[in-house]
Amino acid sequence: MDGNLFIQAILKFALGVLLAGILVFLPAGTVAFRQGWLFMAVLFVPMFFVGVALMIKKPELLKKRLESKEKQKGQSMVVKLSAIMFIAGFIVAGFNFREGWLVLPESVSVAGAVIFLASYFMYAEVLKENAYLSRVIEVQKNQKVIDTGLYAVVRHPMYSATLLMFLSMPIILGSLYSFVIFLVYPFIIAKRIKGEEELLENELEGYREYKKKVKYKLIPFVW
């Protein structure tokens, strides 16, 4: 096992838990925010086990997933906008609970958690299918077009999974106002996909043919 990779993964995980906890519970003004704990559980428990599985079976893929510094200026802006969306959405969800603004019933939050976990299984399946899934947009050495499994249905199944995951987050937290903020994400991801496909068309052999074969980017029969 790569000791440095293990430490890097643990530190990033711990930092993520800490930051999410601060952004959700501090605005809520209490830790007695049941929907907040549900959110923390469905987000970080699967993340922990997926991280352990990657550490054991696919350490190189885990290393790529931990790399988050974009090389392209336009994509760097996409990452920053996503971060702003998350920060604003979590803070608003906390205040939503604190002030009692249209708090969704816990049963709706549980339904949101089910959607989140289903999309996380989809995300894990994509990780199994594609060993080139870096968090930054790039074409790696010896990279090939993946056109099997979920990639035979849509060209960007990872983004399909994250779209479902991110839009279910404010539902889990019980906040319609936060959900409105997260509706920015489809536009953010559309910009990211545009830049990514331009790069892949120019630098990844066979990608143009793959686009002709698989018509839809995110949602079958829609887009």
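Biologist: How many helices and how many strands are there in the protein?
Modeller: Keep in mind that this is a predicted model. From the N terminus on, the elements run α-α-α-α-α-α-α-α-α. So the tally for the protein is zero strands and nine helices.

Biologist: What is the radius of gyration of the protein, and what does the globule rule give?
Modeller: For 223 residues the globule rule gives 17 Å, and the model comes out close to that, so the protein is as compact as a globular protein of that length. Along the principal axes, its C-alpha atoms fill a box of roughly 55 × 45 × 30 Å. As for the radius of gyration, the value is 18 Å, against 17 Å from the rule.

Biologist: Which share of the contacts joins residues at least 24 apart?
Modeller: Here we look at contacts between residues at least 6 apart in sequence. The share that joins residues at least 24 apart is 78%.

Biologist: What part of the accessible surface belongs to carbon and sulfur atoms?
Modeller: Start with the inside: buried residues make up 41% of the 223 residues. The accessible surface comes to about 12,300 Å². Of that surface, the carbon and sulfur part is 68%.

Biologist: How far apart are the mean positions of the positive and negative charges?
Modeller: The protein has 26 positive and 17 negative charges. Take the mean position of each set, and the two lie apart by 2 Å.

Biologist: Which helices help cover the buried residues of H5?
Modeller: H5 covers residues 106-129 and reaches 35 Å from its first C-alpha to its last, close to the 34 Å expected. Its buried residues include Gly112, Phe116, Tyr120 and Tyr123. An α-helix has 3.6 residues a turn, so residues three or four places apart point the same way. The cover over the buried residues of H5 includes helices H2, H3 and H6.

Biologist: Which charged residues are buried in H8?
Modeller: H8 has 19 residues, 185-203, and reaches 27 Å, close to the 27 Å expected. Its buried residues include Tyr185, Ile188, Ile189 and Leu200. Lys and Arg count as positive and Asp and Glu as negative, and on the buried list of H8 that picks out Arg192, Glu196 and Glu197.

Biologist: Is serine 160 buried or exposed, and what is its relative accessible area?
Modeller: Serine 160 sits in helix H6. Leaving out residues up to four places away in sequence, serine 160 touches Met122, Val154, Lys217 and Leu218. Buried means under 20% relative accessible area, so serine 160 counts as buried, with a value of 7%.

Technical notes. Residues are numbered from 1 along each chain as its sequence is written. This is a predicted model: local features need pLDDT of at least 70, side-chain atom pairs count only at pLDDT 80 or more; totals for chains, interfaces and linings use all residues. Side-chain values use heavy atoms; hydrogens and water are left out. Helices (H or I, at least four residues) and strands (E, at least two) are DSSP runs, numbered from the N terminus. The radius of gyration is taken over C-alpha atoms; the globule rule is 2.2 Å times the number of residues to the power 0.38. Buried means under 20% relative accessible area, exposed over 50%, partly exposed in between (1.4 Å probe, protein chains only). Contact means heavy atoms within 4.5 Å. Accessible areas come from the Shrake-Rupley method with a 1.4 Å probe; for residues, only the protein chains shown count as cover. The place of a charge is taken as NZ of Lys, CZ of Arg, CG of Asp or CD of Glu. The expected span of a helix is 1.5 Å times one less than its number of residues.
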